[in-house]
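Could you walk me through the strands of this model and how they pair? A short tour of the sheet would help.

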Amino acid sequence: MRNGTGGFVGVLAISALFLAGAPAAAEEFGWIMNSIAKAGDVDNGDGHYWSFKSAGEGKWEVEGAQGYTATVTSAGENKVSIDGFPDGWGANGTYAFTKKGGDCSLKSQDSFTHHLKWSCG
């Protein structure tokens, strides 16, 4: 039985497909918050601008339209939770964080319109 390079090439191809589908490394909650806070006012994808800032002692908040503020907490790996905006806004809930190159985003998993994007260099 002959064992040529075909088997080796096949293993490489399968390995490359597996790695291409692997999730990106998780960012720490503090890193995500510092990055979006540094970006300043960020369009929330629904026509309003939000600004994130530290509330001290590891706590974070976001200010939205009309001066309303909400609490921002970690919701697990690459996820944040926003709570405290008026219920009718659809802005409260869990947001998934992604980073591709120098672009970052927080996309709501509860609302189809809320998607914050910023340059995170």
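Here is a look at the sheet, its pairings and its turns.

This is a predicted model, in which local features need pLDDT of at least 70, side-chain atom pairs count only at pLDDT 80 or more, and totals for chains, interfaces and linings use all residues. Residues are numbered from 1 along each chain as its sequence is written, and side-chain values use heavy atoms, with hydrogens and water left out.

Let's start with the overall layout. Eight strands (DSSP runs of E, at least two residues, numbered from the N terminus) make up an open sheet in the order β1-β2-β3-β4-β5-β6-β7-β8, with antiparallel pairing. The edges are held by β1 (42-43) and β8 (115-119); each has a single partner strand, so one side of each is left without a neighbour in the sheet. Two strands count as paired if DSSP finds at least two bridges between them.

The table lists three of these antiparallel pairs.

| Strands | Bridges | Residues opposite each other |
|---|---|---|
| β3 (residues 59-63) and β4 (residues 69-74) | four bridges | W60 and V72 |
| β4 and β5 (residues 79-83) | four bridges | S74 and V80 |
| β7 (residues 103-108) and β8 | five bridges | C104 and W118 |

Strand β4 takes part in two hairpins, so to speak, on the way along the chain. With β3, β4 forms a hairpin that has five residues between the strands, and Q66 in the turn has a positive phi of about 60°. In the hairpin of β4 and β5, four residues lie between the strands, and G76 takes a positive phi near 110°.
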